[in-house]
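Trainee: I am new to this structure and would love a close look at a single part of it. Could you pick out the salt bridges and walk me through them, along with whatever surrounds them?

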Amino acid sequence: MATFDDPVALFDDPREWFDGGVAGLLQDVLAPLAPLAVGGLWNLRAAQNTPAPYIVWQRIVAVVNNSTTGASNLQNVRVQIDAYAPDALTAATLGESIQIAMAESAINNVCLSAQDFFEDDTHLYRVSQDFSLWLT
(Lines give C-alpha, C1' and ligand atoms only; values in the text may rest on other atoms or scores of the structure.)
Protein backbone atom coordinates (compact mmCIF):
# COMPACT_ATOMS: atom_id res chain seq x y z
CA MET A 1 0.00 0.00 0.00
CA ALA A 2 1.32 3.41 -0.94
CA THR A 3 1.96 5.92 1.79
CA PHE A 4 2.06 9.68 1.76
CA ASP A 5 5.55 9.62 3.25
CA ASP A 6 7.17 8.29 0.08
CA PRO A 7 6.14 9.82 -3.26
CA VAL A 8 7.79 6.98 -5.19
CA ALA A 9 5.59 4.44 -3.39
CA LEU A 10 2.55 6.13 -4.90
CA PHE A 11 3.60 4.65 -8.24
CA ASP A 12 4.23 1.07 -7.07
CA ASP A 13 0.70 -0.08 -7.88
CA PRO A 14 -1.48 2.48 -9.64
CA ARG A 15 -4.53 0.28 -9.09
CA GLU A 16 -4.49 1.48 -5.49
CA TRP A 17 -5.70 4.85 -6.79
CA PHE A 18 -7.49 3.96 -10.04
CA ASP A 19 -9.56 1.10 -11.35
CA GLY A 20 -10.17 -0.36 -14.81
CA GLY A 21 -8.84 1.50 -17.84
CA VAL A 22 -7.96 4.51 -15.72
CA ALA A 23 -5.02 2.65 -14.14
CA GLY A 24 -2.68 3.62 -16.97
CA LEU A 25 -3.41 7.29 -16.32
CA LEU A 26 -0.99 7.41 -13.42
CA GLN A 27 2.04 6.27 -15.38
CA ASP A 28 1.13 7.75 -18.76
CA VAL A 29 0.30 11.26 -17.57
CA LEU A 30 1.17 11.95 -13.95
CA ALA A 31 4.47 10.11 -13.43
CA PRO A 32 6.33 12.36 -15.93
CA LEU A 33 5.36 15.35 -13.75
CA ALA A 34 7.42 14.08 -10.78
CA PRO A 35 10.83 15.32 -12.01
CA LEU A 36 9.47 18.84 -12.57
CA ALA A 37 9.65 19.71 -8.85
CA VAL A 38 12.38 19.14 -6.27
CA GLY A 39 9.79 18.04 -3.70
CA GLY A 40 8.27 15.49 -6.07
CA LEU A 41 4.74 14.49 -6.97
CA TRP A 42 2.17 13.59 -4.32
CA ASN A 43 -1.38 12.27 -4.29
CA LEU A 44 -3.92 14.26 -2.21
CA ARG A 45 -1.35 15.90 0.08
CA ALA A 46 2.39 16.20 0.49
CA ALA A 47 4.14 14.76 3.51
CA GLN A 48 4.87 17.20 6.30
CA ASN A 49 8.08 19.21 5.74
CA THR A 50 8.25 18.36 2.02
CA PRO A 51 10.62 20.89 0.45
CA ALA A 52 8.94 23.25 -2.00
CA PRO A 53 8.47 23.35 -4.89
CA TYR A 54 6.31 20.25 -5.15
CA ILE A 55 3.23 19.01 -7.01
CA VAL A 56 0.05 17.56 -5.53
CA TRP A 57 -2.63 15.93 -7.66
CA GLN A 58 -6.01 14.39 -7.02
CA ARG A 59 -8.73 12.76 -9.04
CA ILE A 60 -11.78 15.01 -8.99
CA VAL A 61 -14.13 12.64 -10.81
CA ALA A 62 -13.99 9.69 -13.18
CA VAL A 63 -17.11 9.72 -15.33
CA VAL A 64 -18.56 6.37 -16.38
CA ASN A 65 -19.49 6.66 -20.05
CA ASN A 66 -22.38 4.50 -21.17
CA SER A 67 -24.44 4.50 -24.33
CA THR A 68 -27.63 2.77 -25.41
CA THR A 69 -25.48 -0.15 -26.54
CA GLY A 70 -23.64 -0.50 -23.22
CA ALA A 71 -20.42 0.68 -21.66
CA SER A 72 -18.06 2.81 -23.70
CA ASN A 73 -14.32 2.26 -23.94
CA LEU A 74 -13.87 6.04 -23.84
CA GLN A 75 -13.28 7.27 -20.29
CA ASN A 76 -13.13 10.82 -18.98
CA VAL A 77 -11.19 11.62 -15.82
CA ARG A 78 -10.87 15.06 -14.28
CA VAL A 79 -7.76 15.70 -12.19
CA GLN A 80 -6.58 18.70 -10.23
CA ILE A 81 -2.84 19.35 -10.29
CA ASP A 82 -1.43 21.91 -7.84
CA ALA A 83 2.04 23.45 -7.98
CA TYR A 84 3.32 24.69 -4.59
CA ALA A 85 6.31 27.01 -4.31
CA PRO A 86 7.86 29.54 -1.90
CA ASP A 87 7.22 32.46 -4.28
CA ALA A 88 4.65 33.38 -6.93
CA LEU A 89 7.09 33.34 -9.85
CA THR A 90 8.30 29.81 -9.08
CA ALA A 91 4.71 28.59 -8.66
CA ALA A 92 3.72 30.17 -12.00
CA THR A 93 6.77 28.69 -13.74
CA LEU A 94 6.04 25.23 -12.32
CA GLY A 95 2.41 25.62 -13.39
CA GLU A 96 3.54 26.40 -16.93
CA SER A 97 5.86 23.36 -16.87
CA ILE A 98 2.90 21.19 -15.85
CA GLN A 99 0.85 22.59 -18.75
CA ILE A 100 3.67 21.83 -21.20
CA ALA A 101 4.11 18.29 -19.85
CA MET A 102 0.37 17.68 -20.08
CA ALA A 103 0.30 19.01 -23.67
CA GLU A 104 3.09 16.58 -24.58
CA SER A 105 1.26 13.65 -22.96
CA ALA A 106 0.13 10.71 -25.08
CA ILE A 107 -3.33 11.00 -23.48
CA ASN A 108 -5.76 13.55 -24.88
CA ASN A 109 -6.39 16.26 -22.32
CA VAL A 110 -7.50 19.83 -21.97
CA CYS A 111 -6.85 22.33 -19.19
CA LEU A 112 -10.26 23.43 -17.92
CA SER A 113 -9.19 26.07 -15.42
CA ALA A 114 -6.25 27.59 -13.58
CA GLN A 115 -6.15 29.69 -10.40
CA ASP A 116 -3.51 31.30 -8.21
CA PHE A 117 -3.58 31.08 -4.42
CA PHE A 118 -1.51 31.91 -1.35
CA GLU A 119 -1.72 29.32 1.42
CA ASP A 120 -1.65 31.08 4.80
CA ASP A 121 -0.95 27.91 6.78
CA THR A 122 2.14 26.90 4.78
CA HIS A 123 3.14 30.35 3.46
CA LEU A 124 3.39 28.83 0.00
CA TYR A 125 2.05 30.03 -3.33
CA ARG A 126 -0.11 27.60 -5.29
CA VAL A 127 -1.15 27.36 -8.91
CA SER A 128 -4.14 25.02 -9.18
CA GLN A 129 -5.10 23.56 -12.57
CA ASP A 130 -7.94 21.24 -13.52
CA PHE A 131 -7.48 18.91 -16.49
CA SER A 132 -10.01 16.78 -18.32
CA LEU A 133 -8.33 13.59 -19.55
CA TRP A 134 -9.81 11.32 -22.22
CA LEU A 135 -8.56 7.77 -22.57
CA THR A 136 -9.61 4.45 -23.99
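Mentor: Happy to. Let's start with one pair: Asp-130 and Arg-78 form a salt bridge, and their closest N and O atoms are 2.6 Å apart. Please keep in mind that this is a predicted model. The pair links distant parts of the chain, with Asp-130 in strand β7 (residues 124-135), Arg-78 in strand β5, and their positions 52 residues apart in the sequence. The two partners are covered to different degrees. Asp-130 has a relative accessibility of 10%, so it counts as buried. Arg-78, with a relative accessible area of 30%, is partly exposed.

The count for the structure is 3 salt bridges, so let's go on to the others. Asp-82 forms a salt bridge with Arg-126, and here the closest N and O atoms are 3.3 Å apart. Asp-82 lies in strand β5 and Arg-126 in strand β7, so this pair ties together parts that are 44 residues apart in sequence. Asp-82 counts as buried at 5% relative accessibility. Arg-126 is buried too, with a relative accessible area of 14%.

Arg-126 also has a second acidic partner: the side chains of Glu-119 and Arg-126 meet in a salt bridge, at 2.7 Å from N to O. Glu-119 has a relative accessible area of 18%, and because buried means under 20%, Glu-119 is buried. Through shared partners, the salt bridges join Asp-82, Glu-119 and Arg-126 into one network.

Stay with Arg-126 for a moment, as there is an aromatic ring to look at as well. Arg-126 lies over the face of Phe-117, at 4.2 Å from the ring centre. When you turn the model, then, look at Arg-126 with Asp-82, with Glu-119 and over the ring of Phe-117.

Strand β5 has something else to show you. The structure holds 2 aromatic pairs, and one of them is made by Tyr-54 and Tyr-84. A pair of aromatic rings is described by the distance of the centres and the angle of the planes. For Tyr-54 and Tyr-84 the centres are 5.0 Å apart and the planes are at 20 degrees, so the pair is stacked. This pair also links distant parts of the chain: Tyr-54 is in strand β2 (residues 54-63), Tyr-84 is in strand β5 (residues 75-85), and 30 residues separate them. Tyr-54 is buried, with a relative accessible area of 9%. Tyr-84 counts as buried as well, at 14% relative accessibility.

From Tyr-54 you can follow the chain to its neighbours. The peptide bond from Ala-52 to Pro-53 is cis, with omega near 10 degrees. Pro-53 is found in the loop between β1 (41-43) and β2. That loop also contains Leu-44 and Asn-49. Phi of Leu-44 is near 70 degrees, a positive value in a residue other than glycine. Asn-49 likewise has a positive phi, near 70 degrees. What makes these worth pointing out is that most residues other than glycine have a negative phi, and most peptide bonds are trans. As for cover, Leu-44 counts as partly exposed at 48% relative accessibility, while Asn-49 is exposed, with a relative accessible area of 72%.

Strand β2 takes part in a nonpolar surface feature too. Ile-60, Val-61 and Val-63 make a nonpolar surface patch of about 200 Å². Among them, Val-61 lies in strand β2 and counts as partly exposed, at 38% relative accessibility.

Now step back and place these details in the whole protein. The protein has 2 helices and 7 strands, and along the sequence they follow the pattern α-β-β-β-β-β-α-β-β. Buried residues make up 42% of the 136 residues. Of the contacts with a separation of 6 or more, 54% come from residues 24 or more positions apart. The pairs you have just seen illustrate such separations: Asp-130 and Arg-78 are 52 residues apart, and Asp-82 and Arg-126 are 44 residues apart. Finally, the accessible surface of the protein comes to about 7,500 Å², and 51% of it belongs to carbon and sulfur atoms.

Definitions and conventions: Residues numbered from 1 in each chain as written. Predicted model: local features only at pLDDT ≥ 70, side-chain atom pairs only at ≥ 80, totals over all residues. Heavy atoms only, no water. Phe/Tyr/Trp six-rings, centres within 6.5 Å; stacked < 30°, edge-to-face > 60°. Helix = DSSP H or I, 4+ residues; strand = E, 2+ residues; numbered from the N terminus. Buried < 20%, exposed > 50% of the residue type's maximum accessible area, 1.4 Å probe, protein only. Lys NZ or Arg CZ within 6 Å of the ring centre and 35° of its normal. Contact = heavy atoms within 4.5 Å. Areas by Shrake-Rupley, 256 points an atom, 1.4 Å probe, with all protein chains shown as cover. Salt bridge = Lys/Arg side-chain N within 4 Å of Asp/Glu carboxyl O. Patch = residues over 30% accessible without salt bridge, like charges linked within 9 Å, V, L, I, M, F, W, Y side chains within 5 Å.
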